[in-house]
Every structure is written in structure tokens, then in C-alpha cells.
Amino acid sequence: MTDASETSAMNDKVAVVIVAAGRGARAGQANGPKQYQNIGGRAVIARTLETFLAHPRTGSVIVAIHADDHELFQLAAGASAVRVTAIIGGATRQESVRLGLLALRSHAPSRVLVHDAVRPFVDAELIDRTIAAIGEREGALPALPVADTLKRESASGVVGETVSRNGLHAAQTPQGFPFWPILAAHEKAHHLGKADFTDDAAIAEWAHIPVKIVPGSPDNFKLTWARDIAMADQRLSGERMRFPDIRTGNGYDVHAFEPGDHVTLCGVAIAHDKKLSGHSDADVGLHALTDALLATCGAGDIGTHFPPSDPQWKGAASRIFVEHAAKLVRERGGRIANADVTLICEAPRVGPHREAMTVTLSEMLGISRDRISIKATTNEKLGFVGREEGIAAIATASVAFPGEIPE
């Protein structure tokens, strides 16, 4: 059964429209449209999809593709193809976005992101910034201040004037909006025959939807020309030449039972005739996972950061500890690749709650559900676990850190 918190979490997911119906003529057609060309050994669109599908706050993903590209898309997207909905886009980017938004109507999301498939270097932090800035009637635009001096050309082909850079920004994607207002704006533009908008922020501006600028990313560039694809491939190929630095951390924790009416395991409250004793909420699974994450970057253990003698942690939700550990990992350049938790208990039964636990851990760690494993086993009636005196947990976390370039 889905509880109220899970329903709220699902409703809060942000839908995504990926625009991938263009022909990419400026990048050349020798190897197909640019969204299907390989960089670093993988298709551009595959890298873009991976980032959005892995983000814990995104939900339904619509990809607008060209009518001729079904086979190309399936081949390029690989396993990701079954996790998205591919639709036929329009003759223009604007029309493709409109069709993508229409495909989301039955999902009724509250917010939506629109992103160009040929921006494969978008990252989770940029997505987070954009989502955070979307309001009930306000959109969000990631952008970078214009750094180059700007010149306006005269009719005769010479410099007519120098344009002030003050307040000028170069727009990026994903652009985020409240869903129903941006859909209404696209539909109005369509019915009025206005088809000259170059991005969705321009349509929002025309429809009087305020759009807040958030910091973009210099890495989030659009692959437009053949040289852009070559540079992206060179960059990713260089990254592959680095020696991998994969670290694995282990954590173990145990808590005794005391009188109560529920236990909290991996962030999920489970009805039981006892509860676990501890200074926080005694979530034995999350405590073990916190230690495993901290171990990957030599950051001590849970007691180092959250001493049980400190009264501020009395009754605290253990997700605070996991999110803190994940933040430390990322600050040191790490990317969480996998989390594995084994719960050792005779009761309660963990199986019926495994999916909810997986969803909760995905949100805490910022990784996709397929990178999370939650298992349970009994102790065959042996020891304190077998006598139902408490619960133990073992956790393992794998983290990829930036490697060294060989000399």
C-alpha cells in the first residue's frame, strides 16, 4: 500500500521533455543527426537521458524524435528507451515542445523541464537549481552572463555599434515552468500561428509568465557544429584515459528492541510490537549506510559527525545522517555508484516495504533505483537477533572519485 508520504513524493516529481527531432544540418549528416552521434563511445542522446533518468526529482520523461529516427533512437538509447515515452516531434523545436507537453497532459505534472538532447553535459546540480526556482506562476532559466564584447553589424557589413553587455545572458536548458501555464502559452501561440520563438523562455515572456534566471554551467554547452562534437568526444575520451578510482566502504550497526509500536528501517516506518532503542530514530539500516559512505572518503564514522551525547540528535530522522555523508562524498568529487543494505532480523518482514525503502534511498542519495539494493535475512533463531532482541544491518557503498591521468 502506498502511504501519504509516498503519494506526495510521486506527485512532486518534475516531468521532462527532451527535444530530439532536429536534423542537425550544421553538424553534418555523415554520421546521422548530431543527437545520435557518438561522444566518448556513446550516443549524445544516451548521455543526456542518463542524467535526467538518474535524478531523484524527475518523473515522466517524454522524448520528441523525428519520424525517421525510431530505429536510431532505440539503438542509441539502449536500456533507457523503455523508461521514456518517445513521440514524433514537429517541424520546429517550438512544435516539438508543444507536442511533448501535450503528451504529458494525462500525467498532470505540476512542473516540467524542457531540455535540448544535444546538451549532454547537463549535471544534477544545474537541474536542482532550475527545479528549485520554478514557482506556481514563475519559470526558471539557467543562463550565463555574456562575456564577449558584442558588436552590431550595419547594413554595409561594418561595425555599426558596440552593444553593452550589462544584463545580457546566454540562455541554456533545461528551462523549467509550472506545467499548465507553459502548456497554455504554447497552445495559444500555436493557435495564433506564432512559430518564431527560439526557446520556451521566449514563449513564457510573450505570455507574461515571469522567468527567473538561475546560474547556468559553462560545461552545459550545446553541440551545434561538427567541431563541437569532436571536442566533446575528445573531452570524454580523455576522461576514459584516467585510472579509475573506485572506492568501497562498509558499515555495520545494531540496535536493541524496547517497548514501542513501530520500527524505522531505511527511512520507512513499519508497524511492529517493539521499537528500536537509540538516540536518534535508531534506523539501523541508515546508520550502517552512513558509515559506509563516510568510509569511502576517509571522513570518520557516524559518531564523529553526530555524537550520541549531543541532545540535538535525540529522536532525529536518520536521513539527515545519510544526506550529510552523501554531501561530503560529493564535495570531495565522488559520485555514488551503488548502495547495498542487508537487514538482519527475525521480524518485522522487510519484503513488503522494500520498494518504499528503495524510493526513499534514491531520494537521499540522488541515484537511480537500479543502483540500490535492499535485502533482508534472518539469523536462523541464533544469537540476539534470533532471540528477537534487536536488529543488525550491514551496508556497502561504492563511490567513483576522479582518477589520475597516467604519466
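In this predicted model, helices α11 and α12 meet through a mixed set of side chains: Arg319, Val322, Glu323, Ala326 and Arg330 come from α11, and they touch Thr360, Glu363, Met364 and Leu365 in α12. Sorted by type, the contact comprises four nonpolar residues, one polar and four charged. As for geometry, α11 spans residues 319-331 and α12 spans residues 354-365, and their axes lie 9 Å apart at an angle of about 45°. That angle makes α11 oblique to α12, because it falls outside the ranges counted as roughly parallel (under 35 degrees) or roughly perpendicular (65 to 115).

Strand β19 (residues 390-401) is a different story. Of its 12 residues, 10 are buried, so the strand is largely enclosed by the rest of the structure. Strand β13 (residues 245-259) runs antiparallel to β19 and is joined to it by 12 bridges; alanine 256, for one, has glycine 390 of β19 as its bridge partner. Strand β17 (residues 335-344) also pairs with β19, again antiparallel, through nine bridges. Here aspartate 340 is matched with threonine 396 of β19.

Then there is isoleucine 209, which sits in the loop between α7 (200-206) and β12 (211-215). With a relative accessible area of 4%, isoleucine 209 counts as buried, because the cut-off is under 20%. Leaving aside residues up to four places away in sequence, the contacts of isoleucine 209 are Arg137, Glu138, Gly139, Pro181, Ile182, Ala185 and Ala204. Back at the helix pair, alanine 326 is one of the α11 residues that meet α12. Isoleucine 209 lies 36 Å from alanine 326, C-alpha to C-alpha, with their positions 117 residues apart in sequence.

Note on methods:
Residues numbered from 1 in each chain as written. Predicted model: local features only at pLDDT ≥ 70, side-chain atom pairs only at ≥ 80, totals over all residues. Heavy atoms only, no water. Buried < 20%, exposed > 50% of the residue type's maximum accessible area, 1.4 Å probe, protein only. Helix = DSSP H or I, 4+ residues; strand = E, 2+ residues; numbered from the N terminus. Pairing = 2+ DSSP bridges. Axes fitted to C-alpha atoms, helices over the stretch in contact; angles between N-to-C directions. Parallel < 35°, antiparallel > 145°, perpendicular 65-115°, else oblique. Contact = heavy atoms within 4.5 Å. Nonpolar A, V, L, I, M, F, W, Y, C, P; charged D, E, K, R; others polar.
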